[in-house]
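Colleague: Could you take me through one part of this model in detail, and then carry on from there into the neighbouring topics? I would like a connected account rather than a list.

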Amino acid sequence: PDYYEKEAQKLALVMEKVYEYISNSLQHKPKKISILLHTQTVKSNGLVAWAPKRSEFYTTPHQGIYSQDWMQQLAIHEFRHVVQIDKIDSELPKIIKILLGEQGTVGVFGIYFPWWFIEGDAVVSETALSKSGRGRFPSFLMEHKAQLVEKGVYKYDKAYNGSVKDYVPNQYKLGYYLVGATRQKYGALIWDSVLDRVGKKPFSLNIFNKSLKKITGFNKVNLYDSVFDSLQNVWIVQDKIFSTSPSKTLSPKNKFYSNYNFNHWLNDSTIVSYKTALNKTPTFVTINNLGEESKLFKPGIVFGESINYRSDWIVWSEQIPSLRWSHSGKSFIQLYNIITSKKNKVIPEFTAFAPAISPNFKRVVVVETDFSSNYYLSVYNIASGELLKKIQTENNNYFFSPEWLNEKELVAVVLFNEGKRLVKFNLETGKMNLLIDEDLGEIKNLEVVNNQLFFTSSYTGKNGIFVLNLTDKSIQQIYEPRFGSESAALSPNSTKMVLSDYTAEGFRLLEIPLNKGDLHSLNTIRKHNYKLADDMAKQESGVLDLSVLDTIEYESKNYSKAAHLFNFHSWAPASVDASLYEITPGVSFMSQNKLGTSLTTLGYEWDVTEKAGKVYGKYTFKGWYPVFDIELNTGNRASEYMLIEQQTNKSGQVIQQDTSLQRFTWKQTNFKFNMKIPFNLSKGKFNRLLQTEMSNDISLYKHDESTPDQFSEGNFQSLTYRLYYQQFLRQSTQDVYPNFGVVTDVSFHHSPFSDTNLGNMILAQSYLFLPGIQGNHGMRFYAGFHNKQPSGNHSFSDAIRYPRGWGKINSNEMQSFAFDYKLPLFYPEWSFAGLAYLKRVNASLFTDYANLKGNYYENGHVVGTYTSYISSYGIELTGDAHFLRFYAPVEIGFRASYLPEMKKTYFDFLLSIDFNSL
């Protein structure tokens, strides 16, 4: 955007400097790539895509970033992905790019390279080329350590494809250890050699494994076992010499992985905490001194590190998506009184994180980021929502975890080039003073009590609890954890502290006594060094210093959206429908502009069954408020009819009759125009979508010499008006259905302008989701209705659900009902030699019923009516699985349906793939 000019110029300088360093260990200098900046999003992320080729940066930083400027973090991490893919692209045989274009590179890269390598290699780079990075981030590293010490090494398939039963650290964490340890043992260029071999031999089966084994002697599973067995041995030895502090566990034992974070003493016997779990949606809870837990309130999507308390008030920052645009959004500050259930809301001007309520309960301070990446400490009036004060540092430093010292002063963590520092701000003068100029690593969770500042620091290599005396500036460690701790809260009588202590089963709540004799001065504690990170840094040509940049001013010009609507990036010797994941004989060409708002597919498709082909074109435009879809196809169609030939004698009697199938063809042209406006109404704990839609379908049929006379000719046109609404309660990982949900879909179809009148049809269908008898069980109710007014023997096709097991029966009026009760049966986590990995088995009991009314026809005329009742009931058994270690999850199984009216049982194979998880 034009208002981002200054930051874009700076980023261009950063990228040029990163370019010189990031490529060394892969021995490759990539070609140019477009970078898009999303400046109004509430998301903090980045990505690299290759069909079409571009990188996208979401410019708003979050509260969990490590000790480096956010855009610099993105520049290093995302550009490493560019080097990875571009290297493969440069090594591939030309025939792949000739046949497939950019999607050929995507296919080879996505099929052969596991996600742990793709992301782990980028995390290693961000760590090795900077003084920070996630490889020096204890909260990033502790999960595997706790798992290996307390639960052991998971099988490779579980570690890679995850689990529904247990928490499994993500691909970034898995990949950092695997990629880093491999480089540590075999040298910096090990992965360069693997990429070379894969790029040059993409037609070789399982080439990633073969390449890895040729160099290291291990395939990826053996490599995983070797690395994590070694880490387990080291960490178990370290754990044996760890000395625990006196403590009391306050949180109850949970059946599944659960976390208690952001803690607060409501009184001397009751704690408030934010609970997340595999089997529950995020909830604020209270826990008394007997360990009894009670639900308090379910918030919406809360930003990380953005929950705070003051007395009996909770305050947090919650995100709201844009009504229409996926790369935009808002935030609001929610206040909730634990005693009275009263709520207040503050709407900041821009995206705001980490709120804190003032001592007099009249103001709230937040970390705010505007669309030009200016960072502020902003103070708002709670009652009126008025912006009272904005503080920005001279160098536009980013802020973390602000907290009130008193009504006139704030303390916060500020990001400098040297790292994160504790800083005090005067609200009246706007002046900033360093509380202590000491590198304490990662700092968060500030809490001021009397003249002491409590906080979490990674100084020792673990997230421990420290306290700063605001008078003499001395720092002491209160608690050194086994794996990691955070969110410490001092009791009202200041005699004890509750904190979140990490285990392999999640963060539990520990209560520790505050004895001054147990405190350790910072001067007596050794600052931790990260050996793997340091070893990776030694393999590079140096650490990137991005604090000093050149003074080049790059030429800047407007980007013409209209001139770049079409960008043909891929093609194939087949007809590819990416939206339906279908591939059929033919040829296709794919275009997508860099902004992702204009998509085009052109091609020719051959229908093997009909032995006929058609030319087609599809276009989608998403750059305006409505979304437009246009589709045109034209070509030959074919079918068969029964031809009866009779031979008669001289008396006219039939003496022989033969029946044969006669093939015939016709010309058909179809045009479809669709306009829809999707409104994202998600807010709080509900995901909501309201979509209005209108479409016009025109089909033109033209006879040729083989077409029977009775086959319709002319044009058929239909207009459809549709209103769709859905509302789902957010689901936990283990929920099979949302605990509450509603879907309503209403449409009207008619054909006012066509040669052949199809009549009209009104259709309505709805789903209702409710919780089951036990946790994670779910019930789904369905009701559907259509009423058609046919014109002659022409009418619209049925569109509501039929009872499972039944084929369709043409009807004028239909009511359909269905009920499903779905539950998880067990979590086997079975691996089958890399071919399949089964995470969970589900069962669904169902019953369906429908009432149909329609006409009997004879020679195109209605001769009677019928009423029919059909039903079915049965069971569906499905498994959540991964095949060939492909990262997209698959639901696979079968359905057994008993049809009482026919007294027969039918079986169906069930299969669905969730590509949205990639």
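Modeller: In this predicted model, K248 has E511 of strand β27 opposite it. The strand that carries the pairing on the other side of that position is β4 (residues 248-249), which joins β27 in the antiparallel sense over two bridges. E511 of β27 also has V498 opposite it, and the pairing of β27 with β26 (residues 496-503) is likewise antiparallel, with eight bridges between the two strands. Between β26 and β27 there are two residues, and the two strands form a hairpin. As for the surroundings of β27 (residues 506-513), six of its eight residues are buried, so the strand is largely enclosed by the rest of the structure. In general, strands of a sheet pair through backbone hydrogen bonds, either parallel or antiparallel.

Antiparallel pairing also describes an open sheet of four strands, whose order is β9-β10-β11-β12. At its edges stand β9 (302-310) and β12 (343-346), and each has a single partner strand, so that one side of each is left without a neighbour in the sheet. From one strand to the next, the twist averages 25°. The partner of β12 can be followed at residue level: strand β11 (residues 329-337) runs antiparallel to β12 and is joined to it by four bridges, and I333 has V346 of β12 as its bridge partner.

Turning to the helices, α5 (residues 115-128) and α8 (residues 171-186) pack with their axes 7 Å apart and at an angle of about 70°. The two helices are therefore roughly perpendicular to each other. On the side of α5 the contact is made by W115, W116, F117, E119, G120, D121, V123, V124 and T127, and on the side of α8 by Q171, Y172, L174, G175, Y176, L178, V179, G180 and R183. By character, the residues of this contact divide into 10 nonpolar, five polar and three charged.

Both α5 and α8 recur in the surroundings of two further helices. In helix α12 (residues 531-538), the buried residues are L532, A533, D535, M536 and A537, and what they pack against is α5 and α8. Helix α9 (residues 190-200) is mostly covered, with eight of its 11 residues buried. Those buried residues are I190, W191, D192, V194, L195, D196, V198 and G199, a set that takes in two aspartates, D192 and D196. The cover over them includes α5 and α8 once more, together with α2 (70-91), α4 (102-112), α10 (207-216) and α11 (220-240). As background to such a list, an α-helix has 3.6 residues a turn, so residues three or four places apart point the same way.

A single buried serine can be described just as closely. S575 has its place in strand β30 (residues 575-577), and its relative accessible area of 5% puts it among the buried residues, the cut-off being under 20%. The side chain of S575 makes a polar contact of 2.8 Å with the side chain of Y616. With neighbours within four places in sequence left aside, the contacts of S575 are E582, I583, T584, P585, G586, V587, S588, Y604, E605 and Y616, so Y616 appears in this list as well as in the polar contact, since contact means heavy atoms within 4.5 Å and a polar contact is a pair of N or O atoms within 3.5 Å.

Some backbone details deserve a careful look too. The peptide bond that leads from A51 to P52 is cis, and its omega is near 10°; P52 itself lies in the loop between β2 (46-50) and β3 (53-58). Two residues other than glycine have a positive phi. For N445 the value is near 55°, and this residue is found in strand β21 (residues 443-449), where it counts as buried at 13% relative accessibility. For E829, which is not a glycine either, phi is about 50°. E829 lies in a loop, the one between β42 (813-826) and β43 (830-832), and at 16% relative accessibility E829 counts as buried.

Note on methods. Residues are numbered from 1 along each chain as its sequence is written. This is a predicted model: local features need pLDDT of at least 70, side-chain atom pairs count only at pLDDT 80 or more; totals for chains, interfaces and linings use all residues. Side-chain values use heavy atoms; hydrogens and water are left out. Axes are lines fitted to C-alpha atoms, for helices over the stretch in contact, and angles run from 0 to 180 degrees between N-to-C directions. Angles under 35 degrees count as roughly parallel, over 145 as roughly antiparallel, 65 to 115 as roughly perpendicular and the rest as oblique. Ala, Val, Leu, Ile, Met, Phe, Trp, Tyr, Cys and Pro count as nonpolar, Asp, Glu, Lys and Arg as charged, and the others, Gly among them, as polar. Buried means under 20% relative accessible area, exposed over 50%, partly exposed in between (1.4 Å probe, protein chains only). Two strands pair if DSSP finds at least two bridges between them. A polar contact is a pair of N or O atoms within 3.5 Å; within protein, one must be able to donate a hydrogen and the other to accept it, and residues adjacent in sequence count only if both atoms are side-chain atoms.
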